[in-house]
Amino acid sequence: MLTSLVEGLFCCLTSKSANVVVPVETSEPADGYEFLEVKPGRILRVRHITPDRTLEEETMSVGGSISCKRKITVYRNGQLYIENLGERTNSETKSSQNGQTEANNTVEVELVDSVKTSDAPDLMDPKLDTQEARTGAAASAGKDELPQQPKKSRRKPKRTVVIDCERQISSCKGTHSDVALFFIHGVGGSLDIWGNQMDFFSRLGYEVIALDLAGHGASSAPHIAAAYTFYALAEDIRLIFRRYARKRNILIGHSYGVSFCSFLAHEYPDQIHKMVMINGGGPTALEPSVCSIFNLPTCVLQCLTPLLAWSFLKAGFARQGAKEKQLLRENNAFNVSSFVLRAMMSGQYWPEGDEVYHAEITVPTLLVHGMHDRFVPVEEDQRMAEILLLAFLKVLEDGSHMVMMECPEAVNTLLHEFLLWEPATPLLPKKTRPETAKARSETGKVATDLATVRPATAMQPSSNRTDTKVKK
């Protein structure tokens with residue numbers, strides 16, 4: 001505490017940063033670690049584990065096909081209507097911006113003036129027993145209301161997006177050479193927070209890739225705020241992905257890293273086979289908070305470093321014991337300079353990443369949430385599950401924001417089960433002889449049933465929220 005205060009005062013008096021903005025020291029062996037220069041002077045540390053497949057590689061399973069058909073309509077007042085156009089429910093609206101489920105085929109809503117005259121008779125009045133009386137009352141009501149006809153107007157959508165594609169989803173096993181796992185951490189983390197997951201999946205034979213974001217872990221830390229914007233970091237991750245990508249790639253992101261997973265899934269839908277979001281928050285556009293402690297000068301943040309570290313421990317872990325403190329030290333979590341921390345928080349500007357952006361993603365997604373997370377409410381992950389086309393939400397009661405470090409066994413099990421998951425779609429019978437009329441009708445029925453098979457999407461009620469947010 002005293003050291004941080006002295007360094008902060010030194011920073012204020014000399015107008016120089018008390019933090020040496022260079023990669024942190026690492027005592028780990030160089031085996032499996034690579035240092036890539038993505039741009040001149042911008043070097044990232046990458047851990048790449050290639051399995052030693054001495055046995056014969058297993059052939060990839062056929063899997064199942066899922067129809068991804070939906071219509072996304074955005075109105076000028078900000079309302080969002082998402083319709084799933086599957087044959088099973090004809091046209092089922094998934095959700096709207098206010099979190100309520102809309103009726104089928106509700107895309108363009110008619111606004112009807114409901115003003116009534118006080119002397120207009122009720123046509124359903126039991127006192128009007130005879131047909132003549134009701135007819136006369138209707139005529140009288142029509143005559144009286146003629147000058148005040150209800151006005152009908154059809155709202156024109158601001159933008160309409162139609163998605164119509166087929167996704168072939170298959171089981172991803174460690175014996176498949178065309179599968180690669182990418183791990184992306186959030187603000188203040190490093191690739192070391194994925195230690196349990198990387199060891200677990202590499203032992204199963206998976207090819208694993210994890211990186212340190214700029215300014216984190218052992219990557220270089222440029223002393224310029226523009227190096228830590230969302231777009232600068234996203235371009236780094238894009239280059240890493242294109243270097244190590246296989247045919248079927250699985251993205252696993254945590255917190256702020258989830259936004260980069262969404263970015264890649266939207267940019268490379270054919271190469272991203274599955275995606276995992278861990279405590280990533282809702283499908284909202286990113287915008288820096290104006291009233292934030294991270295807007296304070298760097299020297300002030302340096303003085304507050306012990307307080308920030310204590311706050312992160314309290315909010316990021318369900319328990320705050322010696323074990324959790326040791327996990328923070330060993331996994332190099334929340335070990336960044338005050339300059340990098342300030343630049344990362346102020347650089348989270350991504351207006352494109354709104355609900356429409358995420359609704360266009362067709363990649364099957366597993367959402368993992370720690371119940372005790374104080375950074376990301378569970379309602380935000382529930383909203384993400386509602387917006388995504390193919391999503392499964394799993395909540396771990398014993399975990400918090402750093403759930404992959406607190407509950408590694410449970411997280412590894414969930415991830416592995418999701419990697420092995422594939423739609424239970426039976427194969428069509430092969431045609432060995434000319435079909436009769438009855439055989440053709442039965443085959444058509446099977447084909448119709450296959451088109452309706454898709455995984456159930458986690459549907460949970462969502463609460464009111466703001467349109468923009470900042471992720472840790």
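# Reading pockets, cavities and salt bridges

Mentor: Start with the lining of the largest pocket: nine of its residues are nonpolar, seven are polar and two are charged. The model is predicted.

Trainee: What volume does the largest pocket have?

Mentor: The volume of the largest pocket is about 450 Å³. Its lining consists of 18 residues, and those nearest the centre are Thr305, Ala309, Ala333, Phe334 and Asn335.

Trainee: Which elements give two or more residues to that lining?

Mentor: Helix 7 (305–316), helix 8 (322–330) and helix 9 (338–346) do so. Helix 7 contributes the most, with five residues.

Trainee: Now the cavities. How many cavities of 30 Å³ or more does a search of the whole structure find?

Mentor: A cavity is a space where a 1.4 Å probe fits but cannot get out, whereas a pocket is open. In this structure the search finds two cavities of 30 Å³ or more. The largest one has a volume of about 70 Å³. Eleven residues line it, and Gly186, Val187, His254, Phe312 and Met402 are the closest to its centre.

Trainee: How do the residues in the lining of the largest cavity divide by class?

Mentor: Four are nonpolar, six are polar and one is charged.

Trainee: And which residues line the second largest cavity?

Mentor: That cavity holds about 60 Å³ of space. Its lining is made of Phe182, Phe183, Ile184, Ile209, Ala210, Leu211, Ile237, Ile240, Phe241 and Leu264. By class, this gives ten nonpolar residues, no polar ones and no charged ones. Strand 9 (179–184), strand 10 (207–211) and helix 4 (230–244) each provide at least two residues of the lining.

Trainee: Let us turn to charged pairs. How many salt bridges does the structure hold?

Mentor: Opposite charges on side chains can pair when the charged atoms come close. The structure holds eleven salt bridges. One of them is formed by arginine 246 and glutamate 207, with the closest N and O atoms 2.9 Å apart. This pair links distant parts of the chain, with the two positions 39 residues apart: arginine 246 is in the loop between helix 4 and strand 11 (248–254), and glutamate 207 is in strand 10.

Trainee: Is glutamate 207 buried or exposed?

Mentor: Glutamate 207 is buried, because its relative accessible area is 3% and the cut-off for buried is under 20%. Arginine 246 is partly exposed, because its relative accessible area is 38%.

Trainee: Which side chain meets glutamate 355 in a salt bridge?

Mentor: Arginine 383 does, with 3.0 Å from N to O. This pair also links distant parts of the chain: glutamate 355 is in helix 10 (residues 355–359) and arginine 383 is in helix 11 (residues 378–387), 28 residues apart. Both glutamate 355 and arginine 383 are buried.

Trainee: With which glutamate in helix 11 does arginine 383 form a salt bridge?

Mentor: The partner is glutamate 386, and the closest N and O atoms are 2.9 Å apart. Arginine 383 and glutamate 386 are three residues apart in helix 11, about one turn of the helix. Glutamate 386 is buried, as is arginine 383. Elsewhere, Arg45, Asp192 and Asp212 are joined into one network by salt bridges that share partners.

Trainee: Next, the surface. Which residues make a nonpolar surface patch of about 190 Å²?

Mentor: Ile293, Leu296 and Val300 make that patch. Valine 300 has its place in helix 6 (residues 298–303). Valine 300 counts as partly exposed because its relative accessibility is 31%.

Trainee: Last, the backbone. Where is phi positive in a residue other than glycine?

Mentor: Two residues can serve as cases here. Serine 255 has a phi near 55 degrees, and asparagine 279 has one near 50 degrees. Serine 255 sits in the loop between strand 11 and helix 5 (256–267). Asparagine 279 is in the loop between strand 12 (272–278) and strand 13 (285–286).

Trainee: Why does asparagine 279 count as buried?

Mentor: Asparagine 279 counts as buried because its relative accessibility is 0%. Serine 255 is buried too, with a relative accessible area of 1%.

Conventions
Residues are numbered from 1 along each chain as its sequence is written. This is a predicted model: local features need pLDDT of at least 70, side-chain atom pairs count only at pLDDT 80 or more; totals for chains, interfaces and linings use all residues. Side-chain values use heavy atoms; hydrogens and water are left out. On a 1 Å grid over the protein atoms alone, a cavity is a set of points where a 1.4 Å probe fits but cannot get out, and a pocket is an open set with protein on both sides within 12 Å along at least five of seven lines; lining residues have an atom within 4 Å of a point. Grid points are joined across faces, edges and corners, and a volume is the space filled by probe spheres set on the points. Ala, Val, Leu, Ile, Met, Phe, Trp, Tyr, Cys and Pro count as nonpolar, Asp, Glu, Lys and Arg as charged, and the others, Gly among them, as polar. Helices (H or I, at least four residues) and strands (E, at least two) are DSSP runs, numbered from the N terminus. Patches are made of residues with over 30% relative accessible area and no salt bridge: like charges are joined within 9 Å, nonpolar side chains (Val, Leu, Ile, Met, Phe, Trp, Tyr) within 5 Å. Accessible areas come from the Shrake-Rupley method with a 1.4 Å probe; for residues, only the protein chains shown count as cover. A salt bridge is a side-chain nitrogen of Lys or Arg within 4 Å of a carboxyl oxygen of Asp or Glu. Buried means under 20% relative accessible area, exposed over 50%, partly exposed in between (1.4 Å probe, protein chains only).
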